[in-house]
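Got the viewer open? Take this tour one selection at a time, and keep the mouse handy for turning things around.

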2 protein chains.
Amino acid sequence: MEELNTEQKILEAARQVFIHKGMEGARMQEIADEAGINKALLHYYYRSKDKLFEAVFSQIFTEFFGKVSIVLFSEASIKDKIILFTDTYIDTIAANPFVPQFIINEINRDPSMMKKLMEKSGFNPKKLVSLFGTQFKDSKYDIRHFIVSILGLCIFPFAARPLLQTIYFDNDSEAYDAFLIERKEYLKNMMIKFIEA
Amino acid sequence: MEELNTEQKILEAARQVFIHKGMEGARMQEIADEAGINKALLHYYYRSKDKLFEAVFSQIFTEFFGKVSIVLFSEASIKDKIILFTDTYIDTIAANPFVPQFIINEINRDPSMMKKLMEKSGFNPKKLVSLFGTQFKDSKYDIRHFIVSILGLCIFPFAARPLLQTIYFDNDSEAYDAFLIERKEYLKNMMIKFIEA
DNA sequence: GTCTATATGGCGATAGAC
DNA sequence: GTCTATCGCCATATAGAC
């Protein structure tokens with residue numbers, strides 16, 4: 001953190017606080033403390049909390065969907081792509097465990113953010129639909145069920161961690177970590193069965 | 001709403017506002033307006049916003065898990081129970097589409113709420129684990145993966161609706177409603193394959 | 001029990017010195 | 001560019017009349 005200039009420090013600090021507290025729960029004071037600067041300086045670089053949030057959120061959104069999309073442009077076969085997608089997606093979430101829930105919440109709070117973000121991030125959902133579509137073209141169900149299923153299966157254990165850990169793991173954090181690691185294999189295995197079914 | 005006494009009106013109003021805005025996003029003024037009373041009267045019945053929230057949240061939590069748990073005590077076969085559970089669970093969420101996300105968020109905000117709530121609601125997670133455990137006792141994976149999968153598959157399409165609807169359904173609300181209806185059959189079908197695999 | 005009016009505190013934002 | 005001091009608003013909470 002010490003090597004960054006002030007603007008970068010602010011962005012990084014805001015990122016941490018916003019991800020964990022959300023737009024409404026975050027406090028400018030806490031962001032300033034985290035960045036090791038004064039509250040007034042936040043307003044010098046970003047005129048308002050809204051502007052700061054917008055900068056942070058669009059960055060996070062773009063990064064997150066960017067990493068996930070890469071695999072879709074690889075040379076692998078369709079089956080391998082699906083496995084690879086699951087693998088990459090889980091890893092990305094594990095490295096940013098609070099991000100999916102954060103994105104979902106903020107979009108729920110203000111759905112109008114979505115459109116501009118999709119343009120900005122260059123994320124193309126048709127790509128994902130057509131990828132899975134060619135694999136399951138004779139299924140009796142809408143392909144999007146499969147896509148939503150993968151996303152939910154990967155995201156949910158992270159998004160609902162405190163609840164699930166308490167209910168099913170006696171609040172044992174290490175046991176839950178092990179569960180999450182095992183889940184990656186579990187899901188890839190599930191995907192294979194899905195594809196072959 | 002007109003037949004209720006003041007305390008019930010407050011509780012019902014608070015329920016609506018809290019579910020849609022969350023603890024941090026909710027405003028006492030909005031709750032008072034929704035209940036058709038004065039802001040000061042909220043404090044007369046519930047001394048603080050925290051107390052009011054606690055009352056509402058514990059009620060919602062208990063109701064939600066109560067409805068879902070009923071099926072586990074039925075006389076059906078294990079396979080039928082799993083199908084019935086999926087069926088009931090989807091219906092419960094569809095009738096309360098914002099509740100799961102609300103619960104998850106508030107637990108994330110304050111994980112310490114979980115323990116007392118589990119006692120209060122009488123919800124017994126061992127019941128669910130043992131139910132599925134007898135069915136999948138020779139699986140190479142922890143049974144809890146299956147439980148978490150069902151929950152995620154059911155909850156996610158509701159929790160992330162604005163995001164998913166925008167990305168995959170061109171923001172067509174009716175198309176998404178149809179998708180949700182179809183999903184019930186899709187998931188039951190998936191469960192059957194799961195069980196037989 | 002229900003209201004109006006007001007106190008109290010916190011937070012985003014600005015002014016102005018350096 | 002960075003700080004201290006302060007403004008102004010808004011939300012929770014209370015006082016007190018009816």
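How many nonpolar, polar and charged residues does the lining of the second largest cavity have? Keep that one in mind, and we'll get to the answer once you know your way around. Before you click anything, remember that this is a predicted model.

**Stop 1: chain A by itself**

Hide chain B and show chain A as a cartoon. You should see eleven helices and zero strands. Follow the chain from the N terminus and every element you pass is α, right through to the end. Along its principal axes, the C-alpha trace of chain A spans about 60 × 45 × 30 Å.

**Stop 2: two domains**

Now colour residues 1-47 of chain A one way and 59-196 another: these are domain 1 and domain 2 in the domain assignment. Their C-alpha centres lie 29 Å apart. Where they meet, eight residues of domain 1 of chain A are in contact with eight residues of domain 2 of chain A. About 720 Å² is buried between these two domains, with carbon and sulfur atoms giving 60% of that area. On the domain 1 side, select A:Arg15, A:Ile19 and A:Met23: these lose the most area to domain 2, together 66% of what that side buries.

Keep A:Arg15 selected and add A:Glu63. Their side chains meet in a salt bridge, at 3.0 Å from N to O. The count between the two domains of chain A is one salt bridge.

**Stop 3: a link across the chain**

Next, pick A:Asp91 and A:Lys184. They form a salt bridge too, with the closest N and O atoms 2.8 Å apart. This pair links distant parts of the chain: A:Asp91 sits in helix H5 of chain A and A:Lys184 in helix H11 of chain A, 93 residues apart. Searching the whole structure turns up 18 salt bridges over all chains.

**Stop 4: bring back chain B**

Show both chains. The contact between them takes 52 residues from chain A and 52 residues from chain B. Together the chains bury about 4700 Å², 70% of it on carbon and sulfur atoms. To see where chain A loses the most area to chain B, select A:Tyr141, A:His145 and A:Tyr168, which together make up 16% of what that side buries. And how many salt bridges are there across the interface of chain A and chain B? The rule finds zero.

**Stop 5: the open spaces**

Switch on a surface. Rolling a probe the size of a water molecule over the atoms shows where empty space is left.

Start with the largest pocket, which has a volume of about 1300 Å³. Its lining has 47 residues, and those nearest its centre are A:Gln101, A:Asn105, A:Asn108, B:Gln101 and B:Asn105. By class, that lining divides into 22 nonpolar, twelve polar and 13 charged residues.

The second largest pocket holds about 960 Å³ of space. Of its 32 lining residues, the ones to select are A:Met190, A:Lys193, A:Phe194, B:Lys193 and B:Phe194, the closest to its centre. Helices H9 (143-159) and H11 (173-196), from chain A and from chain B, each supply at least two residues of this lining. The lining has 18 nonpolar, six polar and eight charged residues.

**Stop 6: the closed spaces**

Clip into the surface to look for cavities; the count comes to five of 30 Å³ or more. The largest cavity has a volume of about 230 Å³. Among its 20 lining residues, A:Phe64, A:Phe65, A:Tyr89, A:Leu151 and A:Ile155 are the closest to its centre. Helices H4 (49-69), H5 (78-95), H6 (99-109) and H9 of chain A each give at least two residues to the lining, and so does helix H10 (161-169) of chain B. This lining divides into 19 nonpolar, one polar and no charged residues.

Last one: the second largest cavity, with a volume of about 170 Å³. It is lined by 17 residues, and closest to its centre are A:Leu163, B:Phe65, B:Tyr89, B:Leu151 and B:Ile155. Here helix H10 (161-169) of chain A and helices H4 (49-69), H5 (78-95), H6 (99-109) and H9 of chain B each supply at least two lining residues.

Back to the opening question, then: the lining of the second largest cavity has 17 nonpolar, no polar and no charged residues.

How values were computed. Residues are numbered from 1 along each chain as its sequence is written. Chains are lettered from A and ligands numbered from 1 in the order in which they are written. This is a predicted model: local features need pLDDT of at least 70, side-chain atom pairs count only at pLDDT 80 or more; totals for chains, interfaces and linings use all residues. Side-chain values use heavy atoms; hydrogens and water are left out. On a 1 Å grid over the protein atoms alone, a cavity is a set of points where a 1.4 Å probe fits but cannot get out, and a pocket is an open set with protein on both sides within 12 Å along at least five of seven lines; lining residues have an atom within 4 Å of a point. Grid points are joined across faces, edges and corners, and a volume is the space filled by probe spheres set on the points. Ala, Val, Leu, Ile, Met, Phe, Trp, Tyr, Cys and Pro count as nonpolar, Asp, Glu, Lys and Arg as charged, and the others, Gly among them, as polar. Helices (H or I, at least four residues) and strands (E, at least two) are DSSP runs, numbered from the N terminus. Domain bounds come from an automatic or database domain assignment. Contact means heavy atoms within 4.5 Å. Buried area is the accessible area (1.4 Å probe) that two parts lose on being put together, summed over both. A salt bridge is a side-chain nitrogen of Lys or Arg within 4 Å of a carboxyl oxygen of Asp or Glu.
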